[in-house]
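Here's a quick briefing to go with the structure below. Have it open while you read.

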Amino acid sequence: MRKKELKIPLIKEGTVIDHITAGNAVKVLHILGIPERTKSVVSVAMNVKSKIGKKDIVKVENRELDPKEVNKIALIAPKATINIIRNYEVFKKYHVHIPDEIVGIVKCPNPTCVSNSKNEPIESRFLVVSKDPIRIKCYYCEREPDNIADNIL
Amino acid sequence: MTLVGKDIVSIRDLTKKEILEILNYAKKLIPFAKGEKRTHALDGKVLSTLFFEHSTRTRLSFETAMHRLGGDVVGFADPTATSLKKGESIADTIRMADAYSDVIVIRHSQEGTARLAAEFAESPVINAGDGAGRHPTQCLLDLFTILTEKKKIKGTNVVLLGDLKYGRTVHSLAYALALFGANLTFVSPESLRMPKETINDCIEQGVEPVSTVNLEKAIKNADVLYVTRIQKERFPDPAEYNRVAGAYRVDLELLKHAKEDLIIMHPLPRVTEIAPEVDKTPHALYFKQAFNGVPVRMALLSLILGGKV
């Protein structure tokens, strides 16, 4: 564990997102609002060799991810693991999981879907049709986004 | 099994068994739909028809269905005459209709509106068309028409023709026909092909549809030709509409290639896609199909409101 993490600097406090599908680290950064919405130091490693093939790793210092952010990551990197780091040690480690329903995270790509109407008291809502490969369907208009990452709110 | 209180937003809200129950019941209601027999099955019940988008057949046949069952109707066919004009949300409009009636029928140009309505209303909601989305009662009356004319749906060769991208009736219908095991051929201009979601729906039901641009070839083995209008109002880009308008026309010349017992259906309104000369042929079923909306919607209202004839 230690040896692998040395590929990019160890962090004292924060979150390590490991086992991101190779090539998807940039999308994970986008979901986390990096760099626009954070001042944290962020390290990225892409195409790192691992037992299960190539993967990406993202380390975010001084920030612990909340469940809503984790669910967003699950949508584009379903095999990712989240390590919460405190004082250089892994304080908590868990796998992301795709919920059966996704509320307020993905925007419906259909411009004429009622969920895109600003006048109605509803949030976007998707039902997960399949978890591997991931496919989601708008609860309101039943449209499936071609690319989930492009429609994350 | 009971349909009492059930929302009908998409044809998928109904099982195959429930669909057959509605269709079989509709058959019994034909004399009532024609006014030859009278019933008061829904006496004291109120239907609200919220038509945010224009309609002739769907609204009139729902209203006729309710009247023939002895119930009453409130509603609007012109949303500019309501408080929506003042900026009221659809959700609040639904809450009002819910307070005044026992069942709500809604049509709107935005996809997903009926699902939203079902979320906010305690009374059952029936989708009468949401944009390019779903139109389950049209689907039911189409199935009813095929079943009545062809006696079976399984193994029947059905050709869906026209605007398969934006045409809302064909999406529900393709799914339902696949559910009942029909053989499906989709004929459309390249730019108006059936969406992948609908094709996947058919495949999931065990039916592999054929997509083509060639109508002459497709019509040879067809038992049912289901024609749709290329809908100008659904095109975001008028130039795209102009490129495909008038791409297909069903006329006597084309019908020389067809089977003798081919039936031609159309959800109407039609523009130029079926020549008027076809109306007099035994193939033309579209006006009878439009009448079938009454017994089918009577069956649905009666089963949902629990007032059997």
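**Strand β1 of chain B and its partners**

Strand β1(B) and strand β3 (residues 103-108) of chain B run parallel and are joined by five bridges. Keep in mind that this is a predicted model. The points below start from that pairing, then take in the five-stranded sheet, the domains of each chain and the contact between the chains.

**Around β1 of chain B**

- Within the β1(B)-β3(B) pairing, look for L50(B), which sits opposite I106(B) in β3(B).
- β1(B) also pairs with strand β2 (residues 72-76) of chain B, again through five bridges and in a parallel arrangement.
- In that pairing, S48(B) faces V74(B) of β2(B).
- To get from β1(B) to β2(B), the chain goes by way of helix α3 (residues 57-68) of chain B, and this β-α-β crossover is right-handed.
- Why is β1(B) largely enclosed by the rest of the structure? Of the six residues in this strand (residues 46-51), five are buried, so the rest of the structure largely encloses it.

**The five-stranded sheet in chain B**

- Chain B has an open sheet of five strands, and if you walk across it the order is β7-β6-β5-β8-β9, with parallel pairing.
- At the edges you'll find β7 (210-212) and β9 (263-265) of chain B, each of which pairs on one side only.
- From one strand to the next, the twist averages 20°.
- At the β9(B) edge, the partner is strand β8 (residues 224-227) of chain B, and the two pair in the parallel sense over three bridges.
- For a landmark there, take V224(B), whose bridge partner in β9(B) is I263(B).

**Domains of chain A**

- The domain assignment splits chain A into domain 1 (2-95) and domain 2 (101-151).
- Their C-alpha centres, those of domain 1 of chain A and domain 2 of chain A, are 25 Å apart.
- Where the two meet, six residues of domain 1 of chain A are in contact with six residues of domain 2 of chain A.
- On the domain 1 side of that contact in chain A, helix α3 (residues 67-76) of chain A gives the most, with four residues.
- Sorted by class, this side of domain 1 of chain A has three nonpolar, one polar and two charged residues.

**Domains of chain B**

- Chain B is divided too: domain 1 takes in 11-134 + 293-305, and domain 2 covers 136-289.
- The C-alpha centres of domain 1 of chain B and domain 2 of chain B lie 25 Å apart.
- Their contact draws 19 residues from domain 1 of chain B and 17 residues from domain 2 of chain B.
- On the domain 1 side, α1 (16-28), β4 (125-130) and α12 (286-305) of chain B each supply at least two residues.
- Which element has the largest share of that side? That's α1(B), with five residues.
- The side of domain 1 of chain B that touches domain 2 of chain B breaks down into ten nonpolar, four polar and five charged residues.

**Where the chains meet**

- The contact between the chains takes 16 residues from chain A and 13 residues from chain B.
- On the chain A side of it, the residues are eight nonpolar, five polar and three charged.

Methods. Residues are numbered from 1 along each chain as its sequence is written. Chains are lettered from A and ligands numbered from 1 in the order in which they are written. This is a predicted model: local features need pLDDT of at least 70, side-chain atom pairs count only at pLDDT 80 or more; totals for chains, interfaces and linings use all residues. Two residues are in contact if their C-beta atoms, placed from the backbone, lie within 7 Å. Ala, Val, Leu, Ile, Met, Phe, Trp, Tyr, Cys and Pro count as nonpolar, Asp, Glu, Lys and Arg as charged, and the others, Gly among them, as polar. Two strands pair if DSSP finds at least two bridges between them. Axes are lines fitted to C-alpha atoms, for helices over the stretch in contact, and angles run from 0 to 180 degrees between N-to-C directions. A residue is buried if 20 or more other C-beta atoms lie within 10 Å of its own, exposed if 12 or fewer, and partly exposed in between; C-beta atoms are placed from the backbone. A crossover is right-handed if, with the strands pointing away from the viewer, the path from the first strand over the helix to the second runs clockwise. Domain bounds come from an automatic or database domain assignment.
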